[in-house]
Amino acid sequence: MKLMNTVAWASLALAISTHAVAKAPAVSSDVSVSEVDPVVVTGTRRLDRTAFESTAPIDVVSADALRNTVSDELMDKLAATTPSFNVQRLPAADGQAFARPATLRGLSPDQTLVLVNGKRRHRSAVLGGRGQQGVDLATLGVSGIDRIEVLRDGASAQYGSDAIAGVINIILSDRAGFTGYAQSGQYYQGDGAKTQIGARYGLAFGHGGSLVGAVDYTDSAATSRSRQRPDAIAFQAAHPDIPVPNPVQRWGQPDRTVWRGTLNGVLPLTDTLDAYAFATYSDLHGVTDFNWRNPATDTSYKTSPLFPGWTLSSLYPAGFSPAFGQDETDYGVNGGLRGEALGFAWDLSAGYGRDAVDYFLRNSINASFGPASPTAFDAGSLIQEEKTLNLDASRPLAWSFLAKPANLALGLEARQETYQIKAGDRYSWDVGPGGAAGLPGGSNGFPGYAPSQAGSWDQTSYAGYVDLDLPLTDKLGVDVAVRHEDFSEFGATTDGKIAARYEITPNFALRGAVSTGFRAPTAGQINNTRTSQGLNTTTLLLFTAGRLSPISPVSVLLGGKPLQPEQSKNLSFGAVWRRDGFTASVDYYRIDVDSRFASSPNFAVTPAIKAQLLALGVPGADSLTSVSYFTNAFDTRTQGLDVVGTWRGEVLGGKAGVTAAWNWNDTKVTRSKTTEVSVLSKINIEDGLPQNAANLSVDYAKGRFSGLARVRYSGEWTDAQANGATDLIQKFSGKALVDLSLSAQLTTALKLTVGAENLFDTYPDEATFQASRGLIYSRNAPYDTDGGLYYARLTATF
């Protein structure tokens, strides 16, 4: 079609049409890099640029490579193939046990932009410990994905907010035919059984039309890497007549049941006009354990004359571990038209995304209500909604002084995001009559969201950009981009980028880029409030403590200010080389990020402060005792080196491939408000993730058989936590995990794969300072701590 010969802007390239998405050719063996240098559509406005020709480093992860990792969660698959990408498990970490934070180049999870078919993906409703609010990659199924492009460079001038560390672009499949799989696996220790079933079916019709649907189902059982807590052992010894579970709580992966689906279609209306749409959907139910409540020490076991004849020991004689869970429904819909007018290729699109998380608690109690308390609670809901409207256009410019036509791209964007908190049931957050006797209020383990915290908040933004690709000579190309964006909550920002590539020979080139970037504070970060209530047993007055919005009157009086965007300056330079099936790249990067978010220290609300707040008419000021808020607290400098090499060729009559990648990443805090960034926080920011990470994979295919061997290495890292007056700091050594799989093509349609991840059952060093909690391995480990896993997978392709 004439339209596809002139489209030059990435929005058009990333649409789901078979014309609009340029795909890497399929290969017979399970590899992450195609035998032919793949055309990429991320970080460039051209349709004919390959990864080798890009001005910035881009990893192309194929659908086969994604299937070669057992986990059903997309971020685990990326971590196994991209050393600069990391994801943590975080057991018993509230919502983060399910919406796991994933980082690129060691930066915050919300400092990486995620696109689906080139369109901005909506955020998760869950905020992390330092207030980060990124995209939950676990909501995306794998069967509907054709490939993933990971741009390892700042790109805010091209794509807007969040693209500080880079861009992850998930390209949905537009291939005709059927592919399905069934997979079953289990950890060596006999737990964590996981069943996965998925299928994709695509239809091609007319002149370039397509419709592709995919679905994935996962049923994943919990794991437990725990020892019996010493206080549980002591309680059992003191009460031999009470059977105490061993262990009393689990540390490991949660129970999860997940449905995920994608739909991807394009309909040619005329020779120069296409309609397109794509949608994603996921539904998750998950449950994890919280800390064990010891009847000998937990205040919920107090007796009170207000509840004669009732004691919590009659309900939970051996103590209890609250079961925390979430029901999450996530979906996104995008659609648009693209065509030609006045020499421009244009794309008009709209998108809507929503993530809703409903928290619940079981096996718990609100002891302040005594026997009237339920044991199961609705703890409230978090909802993130985003609406986006884009108009993009591009055209070639044939200037005589250029080696070939330049490409001009420009566009407009309007976006609205809404963050909502819904209150839980009354028993999840209220303080009952037993509060006067010191019995704690709220659902034990996770107090629900109170009506005072509930609400809905909006933020809107409007943006415009210009992007010019200039082939100055046959050897030198320069890309220039400028983007201006105005936000309702903090004002405007303008960012730019200049990238260049110089081809010394057809097989060796130098490349580099300088840019500025930003990450805008979200409506959730600006307005989210998380507090809990208690009852002073002396005054019998309610008290409230927790985190408030930084723009609440209380926070402002204590020094809070409206959040400002995190600002970045990016510098990168490197080289690429290829010869005889071998391709290599080396890239250095430096990223300075100013005004990064953190939580303020806890401020005591003194009688004098209360008097000022009451004089201002602040509701609930008389009950406040201690508060904190999010603030722009510190600056960092991250620098590192990415080295990637791939080789493909023939060995002993079969096809072989080798991929090796190494990332060195170093982050330093260059400025901080010492009250906001403690010594422990500084250690976790600088050393909480490995400075060195690498992987090496070797694949081989001959006839009906193929195999894959992979080594994943994570270097030293440090865990730092507060424990009363004592700081707990432990350094952990580097570990290498080995994966192995063997495949046999049973028929032309059926393929059987058997394998093991973490073949040699390697574990991290034990977390000696957390033994009192029954925890064997640090909950902050940068990789799974469940040991070896074996699996079998049957794949059908028609």
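Author: Buried means under 20% relative accessible area, exposed over 50% and partly exposed in between, with a 1.4 Å probe and protein chains only. This is a predicted model, where local features need pLDDT of at least 70, side-chain atom pairs count only at pLDDT 80 or more, and totals for chains, interfaces and linings use all residues. Residues are numbered from 1 along each chain as its sequence is written, and side-chain values use heavy atoms, without hydrogens and water.

Reader: What makes two rings a pair, and how many aromatic pairs are there?

Author: Rings of Phe, Tyr and Trp (its six-membered ring) pair if their centres lie within 6.5 Å; planes under 30 degrees apart are stacked, over 60 edge-to-face, the rest tilted. The count is 22 aromatic pairs.

Reader: Why is the pair of Phe-178 and Phe-798 called tilted?

Author: The ring centres of Phe-178 and Phe-798 are 5.8 Å apart and the planes stand at 35°, so the pair is tilted. Phe-178 and Phe-798 are 620 residues apart in the chain.

Reader: Why does Phe-178 count as partly exposed, and why does Phe-798 count as exposed?

Author: Phe-178 has 28% relative accessibility, so it counts as partly exposed. Phe-798 has 63%, so it counts as exposed.

Reader: What makes the pair of Phe-307 and Trp-310 edge-to-face?

Author: The planes of Phe-307 and Trp-310 meet at 80°, with 6.0 Å centre to centre. Phe-307 and Trp-310 are both buried.

Reader: Which residues do ring pairs link into a cluster?

Author: Phe-290, Phe-324, Tyr-359, Phe-446 and Tyr-449.

Definitions and conventions
Helix = DSSP H or I, 4+ residues; strand = E, 2+ residues; numbered from the N terminus.
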